[in-house]
Amino acid sequence: MTVSTSTFPIAKLPTGITGFDHIANGGLPRGRTTLVSGTAGSAKTVFATQFLAAGIQQFNESGVFITFEESPDALRRNMVGFGWDIAAWEAQNKWAFVDVSPQPESEEIVRGAYDLGGLLSRITYAVARVGAVRVVLDSLGAIFARMENSQMIRSELLRIVAAMRRMGVTAILTAERTQEYGEIGRYGVEEFVTDDVVILRNPIEEEKRRRTIEILKFRGTSHQKGSFPFTVIPGEGVVVIPLSAIELKQRSSNLRMQSGNSDIDHMCGGGFFRDSVILVSGATGTGKTLMATTFLASGAAQGERVLLFAFEESRDQLFRNATGWGFDFEEYESTGQMRVICNYPESASLEDQLILMKKEIETFRPQRVAIDSLSALERVSTMKGFREFVIGLTSFIKHQEVVGLFTSTTPTLLGGTSITEAHISTITDSIILMRYVELFGEMRRGLTVLKMRGSAHDKEIREFMIDGHGLHIGKPFRTISGILSGQFIHTAPSEIERLGNLFKDDAGS
Amino acid sequence: MSTIVLQLFIAGRTPRTERAIATLQQLITDRLGDYPCELVIIDVITDPQQAEERQIFATPTLIKESPLPQRRIIGDLADTEGLLTALNLPPVSMS
């Protein structure tokens, strides 16, 4: 039985570009031409090249690259850094260039009317020669710049797009835009050539470049809406980070893991849950790093693998401090149970940082992950970028059967919240606050478990002390209120007794 | 002088193609009669390999191989006068 193919929903061709197929709900519309538009430096050529490279590497699908701008030699050279050996693929007949780049040695003069029949026959020939499934035309602006008759180019492009559809290839056509927002293409005709438009952006926000990708339209088929951050990394190419496409379907476990401090375990109702993320917030010097150190050391002592991302302290400092509290990080590291990654937040963009961290977690497969501190990463990114980073990282960690502990530094010494908390508090499963408490001319420290998803927990603000053996939880602060806000109000013990008695009447009756 | 070698790349027999060929033949008989002249017509649809090797983009494209310098003229070669200048060929003897 045969069924007319036109009744089928539009099929998608998985591109193999990391994350893109996710936001494209499967890939590019198969058998059609998609316009990829962006300003100069928005990674159009990398995206287009990767479309062909991923086709060869992951799906054994051959490709044809029609270049109007860069010479094949320049492309072969420039793309080696991404691990794409174009010359080798050409030798295997998996990749063919159609070189339409300007030839400086040959002068061109226009006399009368013409069409792009020469180009079309070369495309047809190249597609047939390597049996291409994928085709790239890079870029449209270069043809318009070279030929004056844009009316002719428009109709010829339509002819080429129609011919490619008949060949059954899935194609990408790149085009320049002059601004990040506004008209899709520079010549105002680009979007009429194709049914599908993808936009790459590279705007400056708060003096930081932030790449995003948006699928503007896929005619007759679905895709994720809005723009998604992406990054271009050596050895890999374009990596799209499909944040809002993440589904809330992570497992949740009833398995408790020890924090390394029995008092805190007790306050949390028996320990942290696996597959959960704990946020430890506090001013500088309240003991957040100690908490993270204890948490990791306790895991390592039980034979687990633990991973630490440190953005504030150097490796030497961390190890020295751990030794001071009686934990031998060097020993854990030599047995392969621990991995410590220290770098400056400024060393990479947040998108790159996220990919690096994911990769570390995937290869090391730890049971515990700590980040000290998350708020250090705040300063290298825009607010929006940071929020997306936190969401991306948290949801990733929750899928990995690990327990994560993030520390966050509050900007003020007393009370206060950080931006980190505002973004992350609803995503994390548990929040532990560490605060300075001014008590009759003395600085003390207080700790409370603000939130513990799915479990009973101690609701009191307890004093804690730090000594050579670590952190010790003491009694609740009874005579002071306003600790979390930093506006302390001392209450005399007699007053507490009086207030207590007020309610006792009801309870006692 | 040496032989004038011309190659005309066309994409099928279209009115545009016919116009280009007619103009070119007229030029050769009327204006270049004194010189040995060689014209090859290549159809890119039946011979795409040639189009690829010579990097033909638009059709019709006329390539003047010799005498040097090489010249490429794109279009249906509207008039013979302009074409002669464009080809950078020697002045015509009017005898």
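**The A–B interface and the nine-stranded sheet of chain A**

About 2,300 Å² is buried between chain A and chain B, with carbon and sulfur atoms giving 54% of that area. I should say at once that what we are looking at is a predicted model. The contact involves 26 residues of chain A and 26 residues of chain B.

Let me turn to the polar part of this interface. Between chain A and chain B there are two salt bridges. In one of these, A:Arg122 is joined to B:Glu52, and the closest N and O atoms lie 3.1 Å apart. Polar contacts link 17 residue pairs across the interface, counting pairs with both residues at pLDDT 80 or more.

Which elements of chain A supply at least two residues each to the side that touches chain B? They are β5 (95-99), β6 (107-110), α5 (117-130) and α6 (140-146). The largest share comes from α5(A), with six residues. Sorted by class, this side of chain A has 13 nonpolar residues, seven charged and six polar.

Strand pairing also crosses from one chain to the other. β6(A) pairs with β4 of chain B, residues 71-74, in the parallel sense and over four bridges. Within that pairing, A:Val110 has B:Ile74 in β4(B) as its bridge partner.

I now move to the sheet within chain A. Nine strands make up an open sheet of mixed pairing, in the order β19-β18-β20-β21-β17-β22-β23-β24-β25. Why is one side of β19 (338-342) and of β25 (470-476) left without a neighbour in the sheet? Both strands stand at the edges and each has a single partner strand, so no neighbour in the sheet covers the other side. From one strand to the next, the twist averages 20°.

One pairing in chain A may serve as an example. β22 (residues 430-439) and β23 (residues 442-452) run antiparallel to each other and are paired over 10 bridges. Here the bridge partner of A:Val437 is A:Arg444, in β23(A).

Finally, there are helices to consider. Helix α10 of chain A, residues 288-301, packs on the sheet and touches β17 (277-282), β18 (306-310), β19, β20 (368-372), β21 (403-409), β22, β23, β24 (462-467) and β25. The direction of α10 makes about 160° with that of β20(A). Helix α11 of chain A, residues 315-324, also packs on the sheet, where it touches β18 and β19. The direction of α11 makes about 135° with that of β19(A).

Note on methods. Residues numbered from 1 in each chain as written. Chains lettered and ligands numbered in written order. Predicted model: local features only at pLDDT ≥ 70, side-chain atom pairs only at ≥ 80, totals over all residues. Heavy atoms only, no water. Contact = heavy atoms within 4.5 Å. Buried area = accessible area lost by both parts, 1.4 Å probe. Salt bridge = Lys/Arg side-chain N within 4 Å of Asp/Glu carboxyl O. Polar contact = N/O pair within 3.5 Å; in protein donor to acceptor, adjacent residues only side chain to side chain. Nonpolar A, V, L, I, M, F, W, Y, C, P; charged D, E, K, R; others polar. Pairing = 2+ DSSP bridges. Axes fitted to C-alpha atoms, helices over the stretch in contact; angles between N-to-C directions.
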